[in-house]
Amino acid sequence: MHIIVAASQKGGAGKTTLVRSLAVATQRTFGATAILDTDPQGSLTSWWNRREAQEPVLVKFDVSEFEAGASKLEAAGIEFLFVDTPPSVHPEMAVLLGHADLVIVPVRPSPDDLDAVGDTLALVETAGCPFVFVLTQAKPRTRLQMQAVLALAKHGKVAPTVIHDRTDFPTAAIAGRTVTEAETETTSAREVTEVLEYVIAQLRKGARKETEV
Ligand SMILES: Nc1ncnc2c1ncn2[C@@H]1O[C@H](COP(=O)(O)OP(=O)(O)OP(=O)(O)O)[C@@H](O)[C@H]1O
Ligand SMILES: [Mg+2]
């Protein structure tokens, strides 16, 4: 089972939106997917409770019992687990990152958000887990976007597709859905699909390295 954790110490960076969007797309294209909400705010859980479809399945266990919880999911045939996390630093975060096959760090292209990336980076680097940045909520056609890519690329890999700021993200969430579940294919859905393809490619690279060791 692949474990993907969204982490960003900056509030509102796009963790929850990215987790649910990627999880729904993964379930559709790549296999049985579960989501775990470790944020006391419970946004991911509230979204899932508004949802009609049962997949991806919402699972519940304490981070302190992560290993046991993950083993059960694996035994039940879950292939991908996406984990949403709170923006605050909490002691269990290090434990969680220690289990991650890939950490996704969403960042809004703004000077304030870029300034705050250092805190998340420190956490991820201490855990020593592979990570990628994903630019989210970018306003179309702004220079900020390119500046953000250049700034982030100094610290790690940046997903080549940027998720733009569009109302279809919160609109889809009203009914517990995501942008890839719209009737017609939208640009937002295409962006999510491309980011997911990048994430899967990163997971495959990681898996290859492990077998090489
Ligand atoms: N691509 C997008 N386009 C438009 N709105 C978005 C997009 N991504 C996220 N949002 C909105 O921005 C807000 C913050 O996003 P989200 O809740 O995903 O961030 P978060 O990192 O999980 O926040 P927190 O740190 O509070 O948990 C939400 O209202 C969400 O609907
Ligand atoms: Mg959140």
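**Notebook: two helices and a sheet**

I started with helices H4 and H5 and found that their crossing is right-handed (the near helix is turned clockwise from the far one by less than a right angle; anticlockwise would be left-handed). The helices and strands I name are DSSP runs numbered from the N terminus, with at least four residues (H or I) for a helix and at least two (E) for a strand.

A note on what I am looking at: this is a predicted model, where local features need pLDDT of at least 70, side-chain atom pairs count only at pLDDT 80 or more, and totals for chains, interfaces and linings use all residues. Residues are numbered from 1 along each chain as its sequence is written, while chains are lettered from A and ligands numbered from 1 in the order in which they are written.

Next I looked up the packing: H4 (residues 92-99) and H5 (residues 111-127) make an angle of about 55°, and their axes are 9 Å apart. Axes are lines fitted to C-alpha atoms, for helices over the stretch in contact, and angles run from 0 to 180 degrees between N-to-C directions.

Then I turned to the sheet. Seven strands form an open sheet with parallel pairing, in the order E3-E2-E4-E1-E5-E6-E7 (two strands pair if DSSP finds at least two bridges between them). I saw E3 (57-59) and E7 (157-158) at the edges, each with a single partner strand, so one side of each has no neighbour in the sheet.

Last, I checked E6 (residues 131-135): two bridges join E6 to E7, and the two run parallel. Phe 133 has Val 158 in E7 as its bridge partner.
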